[in-house]
Amino acid sequence: MRPPADPPVDTDPTAPPQLSVVVPMFDEEAVIGMFVDRLRPVLDDLGQSYEVVVVDDGSRDTTPALLEKARRDWPQLRVVRLRANAGHQAALSAGLMRARGAWVATIDADLQDPPETIAGMLTAARERSADVVYGVRNDRTTDSLFKRHTANAYYRMIRRLVGHHVPADAGDFRLMSRATVDAVNRLPAQNRVLRLVIPALGFPSAQVEYRREERAAGTTKYPLSRMIRLTVDSLTGFSIAPLRLATWFGLGGAVVTALLLALAVVAFLTDHTLPGWTSTFVVVAAVGAIQLLCLGLLGEYVGRLYTQLQGRPTYHIAYDSADEADRSNQ
Ligand code: UDP
Ligand code: MG
């Protein structure tokens, strides 16, 4: 039995806590109870002041009501509600913007990232004087074969195109110092893939291995379409290699065309008229496809410039339970 949880002795209730734990949640009614029961003893045992910032990413189920209920007997639980579903990365960004802790950890709500690892991360940060501690999955056997293979391909490609400073198999379970969080918050918000921008900031880092557990309950909020979106964001947001790919396609196409042209001249000279409907059709179709692909690629970059220029926020905060507490303190 753990002792009744007194809030840590903090003379000034508005003083920033030592640790913030940011948790994005989208339709997580099935896991909230389990998550709270497992996270709370871990944080209470740290002997530090803390806050848990749950970012409710526009949930449509009973998540908001369950969070309100949980908040009643867990004073350190804070709820930031977004007006609409903004996506995992934007929800994390919202949480980082709102977190006040000297250290900030981010963790998934489905218990795939074991909360106990946070203690190990804090120790690693202290012992190795690191500003960032990545949670690195040492075992993915609980993920589906499909997820494992796609994840593997994703990290291989990213490390090749974006740079080897991106740790492989590090998702969004990590601990960051205040300086790191402030640096992240100053970056442009659009298409922010945290696992790529954080290593690029160059803060000293350490890694802590953990076993990726099975989702405790509920279903994944990352369907294939979102995985593809994350990959496109990761590639086009951090590297112009795909644009170069378009150039290579163009060059390859030119070489093939030249060969075909030579072939046609030879056929004409040797009086072999080509029956050639099939080959013509194939070439036209292939060239068309490549052109479309390249146009689409350009579109991705132009679109990115456009949204960046507009500077539209990537999320809208509807409510923050801490603002309410601040008001009632005044
Ligand atoms: N999530 C979110 N907004 C979304 C999708 C997911 O806040 O639009 C949260 C989700 O509630 C969970 C975390 O992001 O806490 C990771 O999602 P999930 O576990 O479904 O992804 P998976 O582990 O299957 O990749
Ligand atoms: Mg998950």
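In which helix is R304 found? R304 is found in helix α10, which covers residues 277-310, and this predicted model offers several details about its surroundings. With a relative accessibility of 10%, R304 counts as buried, because buried means under 20% relative accessible area. The side chain of R304 is joined to that of T236 by a polar contact of 2.8 Å. Once the neighbours within four places in sequence are left aside, R304 is in contact with N191, R229, V232, D233, T236 and G237.

From α10 the reader can turn to the spans that a record assigns to the membrane. The unreviewed UniProt entry lists residues 245-269 and 281-302 under "transmembrane region". In the model, residues 245-269 are 100% helix and 0% strand, with end C-alpha atoms that lie 36 Å apart, and residues 281-302 are likewise 100% helix and 0% strand, with end C-alpha atoms 31 Å apart. Helix α9 runs over residues 241-269, and at 1.5 Å a residue its 29 residues should span 42 Å, which agrees with the 42 Å between its end C-alpha atoms. The buried residues of α9 are A241, P242, A246 and A267. Just after α9 comes D271, which takes a positive phi of about 65 degrees.

Another span named in the record lies earlier in the chain. For residues 20-180, the unreviewed UniProt entry gives "domain: Glycosyltransferase 2-like". Over residues 20-180 the model is 41% helix and 24% strand, and the end C-alpha atoms are 13 Å apart.

Helix α2, made of residues 63-72, shows how one helix can present two faces to its surroundings. Within α2, the residues T63, L67 and A70 are buried. Seen down the helix axis, the buried residues of α2 fall within an arc of 60 degrees, so they line one face of the helix. What do the buried residues of α2 pack against? They pack against the strands β1 (19-25), β2 (50-56) and β3 (77-82), and also against helix α1 (32-45). The face turned away from the buried side of α2 carries A65, K69 and R72, which are exposed.

A buried residue is also found in helix α3, which covers residues 88-98 and holds A91. A91 has a relative accessible area of 0% and is therefore buried. Not counting residues up to four places away in sequence, A91 touches P24, V55, D57 and L82. Between A91 and A105, which are 14 residues apart in sequence, the C-alpha to C-alpha distance is 14 Å.

The next stop is the ligand. Which of the 19 residues around ligand 1 come nearest? The residues that come nearest are E28, D57, D110, T220 and K221. An N or O atom in the side chain of D110 is 2.6 Å from an oxygen atom of ligand 1. The side chain of R226 likewise has an N or O atom 2.7 Å from an oxygen atom of ligand 1, and a polar side-chain atom of N85 lies 3.1 Å from an oxygen atom of ligand 1.

R215 links this part of the account to a loop, since its place is between β7 (205-211) and α8 (224-238). The side chain of R215 makes a polar contact of 2.9 Å with the side chain of E28, and the side chain of R215 also reaches the backbone oxygen of A217 at 3.0 Å. Leaving out residues up to four places away in sequence, R215 touches E28, V31, D110, Q112, T220 and K221.

Other loops contain residues that deserve a look. L111 lies in the loop between β4 (103-106) and α4 (117-127), and L111 has a positive phi of about 65 degrees although it is not a glycine. With a relative accessible area of 5%, L111 is buried. D169, in the loop between α5 (145-161) and β6 (170-177), is not a glycine either, yet D169 has a positive phi of about 60 degrees. At 24% relative accessibility, D169 counts as partly exposed. G202, finally, has its place in the loop between α7 (194-201) and β7, and at 57% relative accessibility G202 counts as exposed. The C-alpha atoms of G202 and L122 are separated by 19 Å, and these two residues are 80 residues apart along the chain.

Methods. Residues numbered from 1 in each chain as written. Chains lettered and ligands numbered in written order. Predicted model: local features only at pLDDT ≥ 70, side-chain atom pairs only at ≥ 80, totals over all residues. Heavy atoms only, no water. Buried < 20%, exposed > 50% of the residue type's maximum accessible area, 1.4 Å probe, protein only. Helix = DSSP H or I, 4+ residues; strand = E, 2+ residues; numbered from the N terminus. Arc of directions from axis to C-beta. Contact = heavy atoms within 4.5 Å. UniProt positions renumbered as here; feature names shortened; annotations may be inferred. Expected span 1.5 Å × (residues − 1). Polar contact = N/O pair within 3.5 Å; in protein donor to acceptor, adjacent residues only side chain to side chain. Near = heavy atom within 4 Å.
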